[in-house]
Amino acid sequence: MIKLTGITKSFGRQQVLQGIDLQVEKGEVVVILGPSGSGKTTLLRCINYLERPNEGRIEIGDFEVDCGRASKKDIYALRGKTAMVFQHYNLFKHKTVLENVMEGLVIVQKMPKETARRRSVEVLEKVGLGEKLDAYPSMLSGGQQQRVGIARALALNPEVILFDEPTSALDPELVGEVLAVIRRIAKEGITMIVVTHEMGFARDVANHVVFMDGGVIVEEGAPRDIFNKPREERTKQFFKRIMPEPAYSI
Amino acid sequence: MGEKFDIGYVFTFFPKLAGTLQTTLIIVGGALLTSLIVGFLVALPRLYKVPVLQRLSQLYASFFRGTPILIQLFLFYYGLPEILKLVNIDVSRAPVLVFVILTYGLHTGAYVSETIRSAVASVDRGQVEAAYSVGMSGYQAFTRIVMPQALAIAVPVLSNVILALLKDTSLAFSLGVMEMTGKSQTLAALTNHFVESYISLALIYLVISMVLERLLIILERRLLRHESRAADPFPVFRRERFRRIRQWFTRERSVRLREEAQ
Ligand SMILES: Nc1ncnc2c1ncn2[C@@H]1O[C@H](COP(=O)(O)OP(=O)(O)OP(=O)(O)O)[C@@H](O)[C@H]1O
Ligand SMILES: [Mg+2]
C-alpha cells in the first residue's frame, strides 16, 4: 500500500502542489487526470524524489519518510521501491536495449550479471522486444523505445511504477502497442500510478481515477463514477473540453 | 640564402629529425595527460556552478586561450622560478622540459575544460533523471551514463586540440629544447640547407598528424557505435570515399575524352 499525506511543493513563489493526500492499494491502477499545469508530473516526480517535496509524508509498505527531512538513505530507499516511465523514454543512448534494462539490476541491486541478464531478457520478451536485445535506442521506433522504458522499470521489481504520459510523445499509430503492454502488466497485479490523456485507456484499466487541478485533488473515485457522473464543476468542465461528445456510458 | 637546393638532403635529414621525435612525443604525451586532468578539474566547478571556483576557472580559461603560447612559455620558464624564489623554493635546476610540459599542459587544459564542459552539458538531463530513478547515485550516473556519452561527443573536438598541441610543441625550441623543430634549425644552420630541412620537418609533422588523426577516428567510431543506424562497421565513410574517387576518375576521363575529340 502507498500512502501520501500532505505533499506540498513550491517552485519559487508558485505553490504547485498544495497538500496532496492519496492512497493506493496494492495491485491497483490509479490514473491521474487533469489539465496542463495542474501538477501531475510534479506529483509523480515527488514520489520518487526527482523533485524534493517541501512537506508531507510518503509511505510505501512499511517504509515511511518525512519529506521535510529525508536523508540520502531515505531517498535511495524510496527510489528502490519506485520506478518511473518517462514521457520522452529517457533511455541510456549509449547502451543496448538489454544493457538499458540490466543497468539498474547490476549496478544498483548488485544482482549477478547472469541472473540480471536472464531477468532482463524475460521482461523484454514480455514487452515484445525479445528480438531487439542488442539494438541501440536510436535504431528503434518511439513505441519500441517506450516499451524498453517500461521493461527497465518493470525489471527492477518495484512496489509501484509511475507513468508520466507514456504515450503522449508517440505517433498516433504507435500508441496502441504501448498501451497494450501497460494493460498486460496491469493485469499481473503490479501497482501503477499513471498520468495520461488517453481516456479510453483510463476508463478500462483504472481501478481508481484522480482528477487534479491547480495543485489539489479535486475529486477521486471509481472510474465509472468519475467519468459518468462527476460531482465537481471543474471535473465536468475538463471532460467537456477533452471529450466534446459526452461519450461516457458503460 | 644557403646552398643550392638538393632533394637528397630531405632524405638524409629525415631520420636525423625522426631521432628527436621522442622529445616531441614526450612533450605531447606529458602535456596531454596534464591537460586532461587539469581540464577535467577545471570543468567541474563550472558544471556544478560552484560560486567562487567557477569564476576562477573562467579566468584560467580566458588567460590560456587569450594569450599567445609563446608568451606563456616565457612567463612560465622565466617567471615561475622568480615567483617560487619568493617563497624559498628553488627550481633553477629543474629541467626545461618540466616547464615546457607544464605550460603546454595548462594551455591545452583550458581547451580541454571547455570541451568537457560543453560535452557534458549536451548529454540530456532526462537520462540522468532516469539513472536516478533506477536508484543510481550521482557518481554512478555521472560515470556510467553521462561520461561515456560526453566522451564520444568530445573526442572529435579533442582530436583538433591534440593536433594543435602537436604543432604547438614546435615552439618549445625557443627555450632551447632539442625537439624536432630545434633539431631542424641546427641541421639547417650546420649544412646551410634550410629549405630541405624544413621540408623534412614538415613531412614528419604531417605523417604524425595523419597517424594520430586515423587513431582518433577509430576511437571516435568505437565511442559512437550507438549512433550509427547501420550494422555495417565501415558505414558511410568508406563507401563515400570510393564513390568520390570513382567520380574523380570518371570526370577526369570524360574531360580528357572531350578534349581529344575537339
Ligand atoms: N522545475 C520547475 N521549475 C519551475 N516551475 C516548474 C518546474 N516544474 C514544473 N513547474 C511548474 O509547475 C506547474 C505544474 O507543472 P507540472 O509539470 O507538474 O504540470 P502537469 O500537470 O504535469 O502538466 P502537463 O499536463 O502539461 O504535463 C506548472 O505551472 C509548471 O510551470
Ligand atoms: Mg506533465
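**Close-up 1. Backbone and side-chain contacts to ligand 1 in this predicted model.** A polar backbone atom of A:Gly37 sits 2.8 Å from an oxygen atom of ligand 1. For A:Ser38, a polar backbone atom is again the partner, with an oxygen atom of the ligand 3.2 Å away. A:Thr42 uses its side chain instead: a polar atom there lies 2.5 Å from a ligand oxygen. Taken on its own, ligand 1 has 630 Å² of accessible area, and the protein covers 61% of that.

**Close-up 2. The shell around ligand 1.** Strand 2 (14-24) and helix 1 (40-47) of chain A are the elements that each give two or more residues to this shell. Helix 1 of chain A makes the largest contribution, with 3 residues. There are 13 residues around the ligand, and the ones that come nearest are A:Ser36, A:Gly37, A:Lys40, A:Thr41 and A:Thr42.

**Close-up 3. Helix 3 of chain B, end to end.** This helix runs over residues 51-66, and at 1.5 Å a residue its 16 residues should span 22 Å; the end C-alpha atoms are 23 Å apart, which agrees.

**Close-up 4. The two sides of helix 3 of chain B.** B:Ser57, B:Tyr60, B:Ala61 and B:Phe64 are the buried residues of this helix. Looking down the helix axis, these buried residues fall within an arc of 95 degrees, so they line one face. That fits the usual α-helix pattern: with 3.6 residues a turn, residues three or four places apart point the same way. The buried residues pack against helix 2 (21-47), helix 4 (69-86) and helix 5 (96-121) of chain B. Over on the other side, B:Pro51, B:Val52, B:Arg55, B:Leu59 and B:Gly66 are exposed.

Definitions and conventions: Residues are numbered from 1 along each chain as its sequence is written. Chains are lettered from A and ligands numbered from 1 in the order in which they are written. This is a predicted model: local features need pLDDT of at least 70, side-chain atom pairs count only at pLDDT 80 or more; totals for chains, interfaces and linings use all residues. Side-chain values use heavy atoms; hydrogens and water are left out. Helices (H or I, at least four residues) and strands (E, at least two) are DSSP runs, numbered from the N terminus. The expected span of a helix is 1.5 Å times one less than its number of residues. Buried means under 20% relative accessible area, exposed over 50%, partly exposed in between (1.4 Å probe, protein chains only). The arc is that of the directions from the helix axis to the C-beta atoms. Contact means heavy atoms within 4.5 Å. A residue is near a molecule or strand if one of its heavy atoms lies within 4 Å of it. A polar contact is a pair of N or O atoms within 3.5 Å; within protein, one must be able to donate a hydrogen and the other to accept it, and residues adjacent in sequence count only if both atoms are side-chain atoms. Accessible areas come from the Shrake-Rupley method with a 1.4 Å probe; for residues, only the protein chains shown count as cover.
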